[in-house]
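Trainee: I have a structure open and would like to learn how to read it. Can we go through it together?

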Amino acid sequence: MNDTRILGIYGCGGIGKTNLAKEIYNTFIDQFENCCFLANVRETSKREYGLIQLQEKLLCEILGDSSLKVRNVDEGIGLIKEMLWSKKVLLVLDDLDQSVKVKTLLGGCDWFGLGSIVIITTRDEHLLTSNNVHLRYKVKELDHDEALQLFCWNAFQNKNPNHDFVELTEDILRYAGGLPLALMVVGSSLYGRDIHYWKSALQKYKTIPHNDIHQKLRISYDGLDEFEKNIFLDIACFFTKEQKEYVTKILDGCDFFATCGIEVLVDKSLITIDEWGKLIMHDLLKDMGREIVRQESLEEPEKRSRLWFHEDVRHVFEETKGTNKIQGILIEFPKQELIDLKPETFSAMRRLRIFINRNARFSKGPNYLSNELRVLDNWHSYPSHSFPQNFHGKKLVVLKMDDCFIKELGEGLKNFQKLTTIKFSKCKFLTKIPDVSGLQSLNRLDIEYCNNLVEVNQSIGFLDKLVELKIVYCQSLTSFPSSLKLRSLEMLILSYCERLQKFPEIESEMKCLTYVKLEHMTAIKELPSSIGNLTSLLDLQISDCYKLRYIPNNIRQLKHLRCLILEGWLDDQSQYHLPSSTAELFPSYTPPMNSIVFPKLDLSRATFYSTLEVLDLSGSNIVVILPEWIRGFILLRLLQLCHCEQLKEILELPANISMVNARGCISLESFPEVSNMFEFNTSSHKICSINLSGCQKMLVNPLRFEEYVEDLDEDCELIFAGNKIPDLDYHCKLKKTRNSYLCDGINVDLVYSDEIKGFIACVVVLSDPSQMYSFLSNMHIDIYYNGVYQYTSTHIRYINPSSSDNVWLYYHELKGEHFKSVEGILQLKFDGDQGRIPIRSFGIRVVCKQKEINTLQDVARWSPCVNVQPSSKLIISGLENESEDENPNEDLELGVHLVEKDEEKARDHDTDVLHEDVDAHFDASSEVIEGWVDYLMDGKRRHNEDDCNLEFNWHPQQKRQHSSTMGIRITELENDDENPKEDVDLELKVGL
């Protein structure tokens with residue numbers, strides 16, 4: 001290292017920045033003659049002569065002269081430059097903030113000698129930016145295992161929790177959220193206490209944070225200015241996990257300068273912004289913010305600035321305790337409840353800025369609303385027909401009303417000049433949206449399920465800043481702006497407004513509009529020729545508009561169109577001409593479309609091969625997918641062929657295809673690339689989804705799917721008509737109760753977890769002739785490591801259940817550092833949609849990484865590597881038979897298919913029907929098992945005997961464990977004739 005390196009370590013308070021800096025310092029201290037660790041720089045610098053003391057300590061420790069004195073800061077800077085010039089130093093400046101001028105301690109970075117290392121710890125990332133520290137590390141929360149170990153050493157003086165405290169320990173880990181400070185403080189406070197004390201203390205901490213944690217975290221808050229403090233408290237009390245853009249508009253409306261304020265909170269690690277643009281705040285920081293508010297008045301919640309705890313809210317409203325102190329209220333009860341409102345309560349809340357009602361109903365409407373309100377959000381079941389007469393709403397930014405009794409908005413709405421968002425949902429008495437010409441800041445207008453809404457005022461069509469206009473399920477709507485001149489509009493959705501007869505004229509060019517959707521607008525007969533003014537349109541979706549007979553020629557002006565959907569036309573008797581090809585729609589040029597849905601499309605005349613990415617021919621009369629034209633779709637990713645009932649053959653797929661959806665193609669019988677090998681004509685792109693549900697004539701070899709995923713690096717699925725789990729080698733039982741199946745969890749011992757690649761789940765979904773349409777099916781696999789939940793793998797697909805049972809194979813690649821550990825228990829647990837999926841059977845198996853040695857084909861593919869234990873935690877719901885009297889004890893199969901190496905031998909054997917308890921059959925001798933391990937350890941196959949049928953029978957009595965030195969552990973349960981019906985534990989672990 002030939003220059004001075006400065007490392008910035010940053011993160012929120014209590015995250016472990018100082019400890020990390022100490023570890024680095026102690027690691028490198030032997031390599032430096034001149035070292036100094038300046039601790040608590042921020043705190044020390046605030047004392048009288050504190051900065052001088054820091055300069056003296058720096059000089060004394062490096063020079064070894066304790067008599068050296070500094071008279072003032074400027075002298076100290078000069079001495080540092082003079083005496084440390086060109087010296088190779090290791091220096092830590094711990095806990096800096098903006099109040100400390102870094103140059104008073106470091107001067108210029110070129111003062112120190114080559115190879116010097118300077119480490120700065122801070123809560124404020126912007127401090128690093130302003131001092132040109134480019135090498136940075138953000139300290140993150142501890143993962144579960146690290147947090148568990150740290151807590152246990154403080155709470156039990158051991159690395160594991162005591163048996164009786166396991167569940168409480170997990171609760172505390174969730175409370176601490178991986179923050180080391182909280183884990184140590186809470187752990188130490190609970191050391192030596194009994195379980196009753198633990199429960200009480202945890203409940204207390206959730207209500208009132210531990211003071212040591214609170215004070216440490218509050219340091220960052222105390223460094224904010226008044227605007228930033230208000231922003232922080234509003235987010236902590238009301239806006240965690242809300243969109244940054246949404247919150248910024250509200251807080252700007254409060255004159256808090258939110259754009260820069262939110263950036264400051266991010267720099268100080270008080271909040272983060274996730275990949276979806278949502279504001280995320282650590283739970284302990286949120287608790288700290290709420291505790292600051294609570295301490296404004298410990299005994300009288302009405303004297304606090306913000307209310308969020310439902311009991312405090314109820315107290316204020318029902319006891320007429322409203323005061324001028326209250327600025328914001330969030331109502332969120334554990335379940336929907338009624339508040340017996342005293343109408344005059346609101347009269348005292350003249351500074352109320354924020355009112356958010358998630359689920360409370362009020363017995364009466366208010367007789368007053370504060371004109372300081374910026375947010376009136378989701379007032380569920382607002383009980384009055386109108387707003388109070390005093391309320392003019394000139395500062396209101398967000399207005400959302402849900403399932404309320406509002407009837408008249410009156411002329412007052414045009415005075416809500418700062419409104420950016422309006423949403424009315426299920427307002428069954430609302431009949432008219434009045435003049436909104438005064439709402440020149442309105443960005444979003446969303447009206448849905450207002451069944452008695454008849455009129456939307458013409459002024460809606462001339463709002464310059466309107467970005468999104470969405471009106472859906474307003475079945476009485478007949479009057480809508482006759483023309484639109486919305487220069488900022490980006491999205492227009494009109495759906496299920498079945499009486500609206502005319503689509504508006506587009507008065508002038510609308511350059512921002514990119515998305516238009518018309519769905520089930522059954523009274524509209526034509527589109528205006530002015531649709532050509534939508535020159536930037538990317539997506540045009542027209543579905544189930546049954547009376548629409550005419551596509552204007554001006555559609556040819558849409559030269560940027562990428563997605564065109566024209567479906568659900570009743571045009572057989574039409575006197576108007578409907579286009580049958582894109583060549584007919586666009587005769588003079590080819591738009592750069594990447595998606596098209598057009599059941600009447602004549603593909604022989606298509607002109608968009610090179611750009612199309614999505615092709616939807618669902619419901620068309622196509623008979624065969626021919627190679628000569630499908631090859632031209634070189635960028636095609638998704639091919640939709642749903643319910644093409646005449647389709648018989650899919651002879652080839654394009655090179656870059658990812659998904660094929662052919663559900664309900666009842667005539668399909670030839671799809672060679674699926675039937676034979678599940679390999680596709682792809683150069684570099686692997687297909688990830690094929691849906692053949694309801695295709696009864698298709699013959700599919702599912703074992704090819706299992707081979708296909710071995711070298712796949714992404715999730716993959718195959719759905720096809722069938723009625724059993726593909727391989728006969730894996731069977732256990734599911735007990736059928738009155739309305740559910742009980743599904744055991746599956747545990748896999750990870751002695752050599754780097755061998756594990758992912759898992760294949762298989763669900764057999766029962767047919768349901770009463771289902772006329774495909775239904776949405778969810779498959780949830782909960783993934784645990786050493787008993788601790790990691791994440792859920794969720795997969796959602798439409799399945800056609802009307803004509804046949806279907807088999808759904810889903811491969812998921814495991815994610816997370818835990819699964820790279822040397823050892824541990826991987827647990828996979830299945831659940832389906834409650835009441836939605838009728839299940840015949842379910843199976844799951846682990847997929848191992850491929851070995852380079854080809855002779856692994858000789859190794860039995862299905863190695864015993866499972867731990868199946870009777871459990872009632874997981875339920876597969878949605879039975880085809882709800883009767884308790886009919887076959888009450890019917891058993892169903894739970895497939896367990898784990899740890900693949902070579903399936904060829906296993907496929908040649910059938911297993912017997914299992915006993916009602918649990919018997920397991922594995923096609924391998926004990927010598928072969930030992931041989932597998934020897935082979936995997938030294939790369940040579942030592943046993944090559946023919947397979948024999950070895951049967952292990954387990955019954956509940958005592959366990960006898962046999963261990964080999966190669967990582968195999970087999971637990972047997974000996975027979976006990978006295979308890980033949982008792983539930984048993986089957987545990988057979990092989991670390992592969």
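Trainee: In which strand of the chain is confidence lowest, and in which is it highest?
Mentor: Start here, since this is a predicted model. The mean pLDDT of the chain is 75, and 72% of its residues reach 70 or more. Confidence is lowest in strand 48 (residues 986-990), at a mean of 27. It is highest, at 97, in strand 19 (residues 468-472).

Trainee: Over residues 851-992, how many contacts does the model have beyond near neighbours in sequence?
Mentor: Take care with this stretch. Its pLDDT is below 50. Where pLDDT is low, the predicted coordinates should not be read in detail. With that caution, the count for residues 851-992 is 335 contacts.

Trainee: Let us turn to the open sheet of 5 strands. In what order do they lie?
Mentor: The pairing is parallel. Strand 2 (34-38) and strand 5 (135-138) each pair on one side only, which puts them at the edges. The order is 2-3-4-1-5.

Trainee: By how much are neighbouring strands of this sheet turned against each other?
Mentor: This value is an average over neighbouring strands, with direction ignored. The turn is 15°.

Trainee: Which residue of strand 3 is the bridge partner of Phe37?
Mentor: Strand 2 pairs with strand 3 (residues 89-96) in the parallel sense, over 5 bridges. Helix 3 (residues 50-63) packs on the sheet and touches both strand 2 and strand 3. The direction of helix 3 makes about 150° with that of strand 2. The partner of Phe37 is Val92.

Trainee: Why is strand 1 described as largely enclosed by the rest of the structure?
Mentor: Look at both partners of strand 1. Strand 4 (residues 117-122) pairs with strand 1 in the parallel sense over 6 bridges, and Tyr10 is matched with Thr122. Strand 5 also runs parallel to strand 1, with 4 bridges, and there Gly8 is matched with Arg136. Strand 1 (residues 5-10) is largely enclosed because its buried residues number 5 of the 6.

Trainee: How many residues of strand 33 are buried?
Mentor: Check each way the residues point. Cys716, Leu718 and Phe720 point one way, Glu717, Ile719 and Ala721 the other, and all are buried. In a regular strand the side chains alternate between the two faces of the sheet. For strand 33 (residues 716-721), the count is 6 of its 6 residues.

Trainee: Which strand runs antiparallel to strand 33?
Mentor: Strand 32 (residues 689-692) is joined to strand 33 by 4 bridges, and the two run parallel. There, Ser689 has Glu717 as its bridge partner. On the antiparallel side there are 6 bridges, with Ala721 partnered by Asn806. The antiparallel strand is strand 39 (residues 806-813).

Trainee: Now two helices. Is helix 12 roughly parallel or roughly perpendicular to helix 14?
Mentor: Helix 12 (residues 226-239) and helix 14 (residues 258-267) have axes 9 Å apart. They pack at an angle of about 75°. Angles of 65 to 115 degrees count as roughly perpendicular. So helix 12 is, relative to helix 14, roughly perpendicular.

Trainee: How many nonpolar residues are in the contact of helix 12 with helix 14?
Mentor: Helix 12 brings Glu228, Ile231, Phe232 and Ile235. Helix 14 brings Ala258, Gly261, Ile262, Val264 and Leu265. The contact has 1 charged residue, 1 polar residue and, for the class you asked about, 7 nonpolar residues.

Definitions and conventions: Residues are numbered from 1 along each chain as its sequence is written. This is a predicted model: local features need pLDDT of at least 70, side-chain atom pairs count only at pLDDT 80 or more; totals for chains, interfaces and linings use all residues. Side-chain values use heavy atoms; hydrogens and water are left out. Axes are lines fitted to C-alpha atoms, for helices over the stretch in contact, and angles run from 0 to 180 degrees between N-to-C directions. Angles under 35 degrees count as roughly parallel, over 145 as roughly antiparallel, 65 to 115 as roughly perpendicular and the rest as oblique. Contact means heavy atoms within 4.5 Å. Ala, Val, Leu, Ile, Met, Phe, Trp, Tyr, Cys and Pro count as nonpolar, Asp, Glu, Lys and Arg as charged, and the others, Gly among them, as polar. pLDDT is the predictor's confidence in each residue, from 0 to 100. Two strands pair if DSSP finds at least two bridges between them. Buried means under 20% relative accessible area, exposed over 50%, partly exposed in between (1.4 Å probe, protein chains only).
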